[in-house]
Every structure is written in C-alpha cells, then in structure tokens.
Amino acid sequence: MTKGRLLAVLLGGATVLLVAIGTLWPSHSAAVYAGTGGFLQSASTPEMAVRNLGEDIREQAWHRAYDSLANKAQFTQQQFLYDLMGYYPNLRTYATVDKFEVLPLHSSSNEAEVQLKLYWATVVGTSPSTRDLRVVRNGSSWMAEWPLEKPTVLPPQVIPVNYLRWDVIYRGAGDDWGAQDVEAPHVRIIDMHPVERADGVVILGELLNEDVVPAAVSVTATLLSKKDKSPIATEGSFDRISHQLLPKQVTPFLISFPNVSLADVGSVRMTPFSTLISASADPVIEIQDERLNPAPDASVTGNLTNQSGQIVNVAHVLGTFYDKTGQVVWVADQYVDRALLPQTPVPFNIHIPEDLARSVSTERTVVATYSSGGVR
C-alpha cells in the first residue's frame with residue numbers, strides 16, 4: 001500500500017508540473033489553435049517582422065496586423081483590409097490564407113526589402129499574391145510598411161449600352177402553347193483527343209454552340225477498356241470549360257482521369273449537355289496586350305478590361321493552345337481573384353506546362369464572367 005500511495009503521489013505531482021509547464025510555456029501549435037499567436041516571435045530581423053505580419057494575416061488578426069505596420073498612419077485599418085480582400089465581392093471575400101512565404105531581397109543597417117507571398121485558399125483552388133515590403137528599423141526591432149494599392153477612381157460618365165440579349169419565357173401552367181417547351185440548343189464537339197500525363201489521362205477538346213440561342217453547356221467522358229469495352233471511369237468538365245455559350249461561340253474543355261493509363265483505354269465515349277438559358281453579350285471583357293511567351297516559363301499574359309458599366313465579381317480566363325496543325329495540345333486557366341471594375345485593366349498570367357510549351361504554335365483566349373446577379 002505504501003508503494004502504491006507513493007506512486008500515486010508521484011504521478012499527481014508530475015501531472016501538476018506538466019500542466020504548469022504547458023500553461024507558462026505553451027507549444028507553438030497549441031498557442032496557434034488557441035488564437036494567441038504562438039508563432040509570433042520578436043521582430044529582431046526584417047524577415048521576422050514580415051513573418052509575424054504573415055502569421056497575423058493567416059490568423060485573420062486584422063487589428064494586430066494593422067497595428068504592427070510602420071506606415072499605418074497613412075491609411076485606416078478598413079483600407080488595409082480592403083487592400084487585402086478587395087473592395088467588392090470576389091474570390092478572396094470568403095478566402096483564407098493557407099500558407100505564406102518570406103523571401104529577403106536586400107537589406108542595410110536601417111532598412112530592408114522583403115517579399116511576402118500569400119497563398120489564398122479560395123473555392124476554386126489556391127490563389128497566390130505577392131507584395132514587396134519595405135521594412136524599417138525601430139529601435140531594437142523592425143516594422144514592415146504595407147504597400148497599399150489605391151483603387152482607381154473613375155470620373156462619373158455615361159456608358160452606352162448596346163448589346164444582344166436573349167430572354168426565355170417558358171410556358172406556364174395555365175397556358176396552351178403546345179405539348180412541349182422549347183428544345184435544348186444544338187451543341188457539337190468539334191475536337192477531342194486523349195493525352196497521357198504523369199498523373200493520368202486527360203481529354204482535351206472544344207465544344208461549339210451551333211444554335212441561334214444561348215446555352216448552358218457541359219461535357220462528360222467515359223473511358224472504355226481496350227480488352228472488353230467495359231467502362232473504366234466517367235468524369236465531367238467541371239472547371240476548365242466556359243459553361244455559358246452564346247450562339248456560335250466555342251469553348252475549350254479539359255477532363256482529367258487520375259491514375260488511369262492510356263494503354264488500357266480502347267475508346268472514349270463523349271456526351272455533351274446543353275440547356276436553354278437567358279443571356280446577354282454584356283459585360284464585354286476586352287483582352288489587351290495579349291502575348292504568348294515562349295519556354296522556359298512559357299505562359300500567355302495580358303490584361304482584362306471591363307468595357308461595361310457593371311462590376312464583374314469573378315473572371316475566369318481560359319487559354320486553348322494549338323500546335324502547327326491546329327490540334328489542341330493543352331487547355332489551361334486562371335481565375336482572377338479581384339473584381340473587375342469598369343474601364344480598369346487587370347493582369348492575367350496562364351502557365352503552360354514546360355514539356356508542352358515547344359509544341360505550342362498559337363493560342364486562343366476566352367473569358368467567362370460571374371457577377372453577383374448570376375453567370376454572364
């Protein structure tokens with residue numbers, strides 16, 4: 001009994017000691033989960049000051065992040081938040097920072113330049129943003145200056161509205177318009193071929209709305225086995241496609257089949273879908289300064305300019321890349337994570353895989369837009 005009591009006393013004492021240690025010196029992980037900024041350390045170097053700022057932004061500790069800035073007197077906390085998240089609803093409105101990177105650029109005894117790269121986790125994937133920050137010494141510590149990007153202020157003006165529009169009126173319950181409503185628009189796959197990539201099989205192609213009415217479209221593909229023609233897998237074109245096509249418009253599509261070998265595929269069964277929708281040719285997004293950049297680091301770059309008078313909350317840029325024979329060799333895209341304001345250029349950059357870049361001869365870019373009132 002004496003040994004048992006002694007063991008109980010020792011275990012109790014050890015538990016109290018561990019609890020005290022955990023309270024006085026919490027681990028980084030526990031402190032972060034508790035919201036106490038466990039990863040924040042003394043800003044004794046320019047890199048550490050920017051790292052602390054990145055951690056505050058990741059934790060959405062907006063007041064602490066704003067309060068740590070050396071130039072906070074130049075703008076309000078709300079302006080700082082707008083600069084990070086945007087003045088109008090966009091992909092970053094409900095996004096969070098998943099991770100960040102800090103890269104020292106150059107430094108002296110009293111100031112330095114440090115790059116902060118934030119990786120925003122949005123509903124359509126990761127969206128990186130980069131800022132180069134000036135960091136200044138303040139006594140024994142360092143403070144970052146935030147490079148606030150002031151929004152373009154347009155003068156009051158009248159923008160003429162002159163565009164095509166299609167409205168759909170369906171037969172009501174009390175109307176006698178015949179036995180059926182209008183049929184779905186006629187769409188056709190004009191190009192399709194499979195490609196093997198490191199992570200599986202990819203189906204590339206283009207879809208044409210050959211009707212005189214707008215259509216909401218999608219495409220599914222089923223891979224059939226070479227041995228017995230049985231289905232291997234069925235996937236749809238959810239992301240890399242423009243889901244709204246005006247009459248005679250063409251959209252690229254890309255359908256991925258992870259962990260599938262092209263050697264096992266005997267044939268592909270394609271199924272396009274279309275639905276009649278109301279649509280308009282507005283807003284008009286003009287692509288300016290478009291350029292196809294060769295390898296290495298191949299890409300297509302340019303600027304999107306919203307020529308309408310309405311705000312576009314999300315723009316989806318789709319690039320179709322062709323070889324010398326005109327065959328599609330790749331489809332890539334980028335979501336612009338800031339709202340497109342009228343008459344205000346916004347840059348885009350669509351990356352081309354390095355192993356395909358030398359096969360690309362020409363490209364075509366289309367833009368799908370999403371506004372708070374619906375898909376455009």
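**View A. Strand 14 and strand 15 side by side.** In this predicted model, Ile285 has Asn306 of strand 15 as its bridge partner. That pair belongs to a longer match: strand 14 and strand 15 (residues 299–306) run antiparallel and are joined by seven bridges. Stepping back a little, you will find an open sheet of three strands in the order 14-15-18, with antiparallel pairing. Its edges are formed by strand 14 (285–293) and strand 18 (346–351), each of which pairs on one side only. On average, neighbouring strands in this sheet are turned by 20 degrees against each other, direction ignored.

**View B. The sheet of strands 1 to 4.** Here is another open sheet, this one with four strands in the order 1-2-3-4 and antiparallel pairing. Strand 1 (96–107) and strand 4 are the edge strands; each has a single partner strand, so one side of each lacks a neighbour in the sheet. From one strand to the next, the twist averages 30 degrees. As you follow the strands, it helps to keep in mind that side chains in a regular strand alternate between the two faces of the sheet.

**View C. The hairpin of strand 2 and strand 3.** Let us zoom in on the middle of the order 1-2-3-4. Strand 2 and strand 3 pair in the antiparallel sense, with 12 bridges between them. Two residues make up the link of the hairpin that joins strand 2 to strand 3. For a handy landmark, look for Ala112, which stands opposite Val135 in strand 3.

**View D. The hairpin of strand 3 and strand 4.** Moving along the chain, strand 3 pairs with strand 4 (residues 141–145) in the antiparallel sense over five bridges. Two residues lie between these strands in their hairpin, and Gly139 in the turn has a positive phi of about 70 degrees. Two residue pairs help you find your way: Arg134 has Glu145 of strand 4 as its bridge partner, and Arg137 stands opposite Trp142 in strand 4.

**View E. Ser109 and its contacts.** Ser109 sits in the loop between strand 1 and strand 2. Its relative accessibility is 53%, and the cut-off for exposed is over 50%, so Ser109 counts as exposed. Even so, Ser109 touches Arg137 and Trp142, leaving aside residues up to four places away in sequence. Ser109 and Arg137 are 28 residues apart along the chain, and their C-alpha atoms are separated by 8.0 Å. You have already met these two contact residues in the previous view, where Arg137 and Trp142 stand opposite each other.

**View F. Helices 3 and 5 with the four-stranded sheet.** Helix 3 lies across strand 1, strand 2, strand 3 and strand 4, and runs at about 165 degrees to strand 1. Now turn to helix 5 (residues 77–85), whose buried residues are Phe80, Asp83, Leu84 and Met85. These buried residues pack against helix 3 (46–58) and helix 4 (62–67), as well as strand 2 (111–122) and strand 3 (125–138). After helix 5 comes Gly86, with a positive phi near 100 degrees.

Key. Residues are numbered from 1 along each chain as its sequence is written. This is a predicted model: local features need pLDDT of at least 70, side-chain atom pairs count only at pLDDT 80 or more; totals for chains, interfaces and linings use all residues. Side-chain values use heavy atoms; hydrogens and water are left out. Buried means under 20% relative accessible area, exposed over 50%, partly exposed in between (1.4 Å probe, protein chains only). Contact means heavy atoms within 4.5 Å. Two strands pair if DSSP finds at least two bridges between them. Axes are lines fitted to C-alpha atoms, for helices over the stretch in contact, and angles run from 0 to 180 degrees between N-to-C directions.
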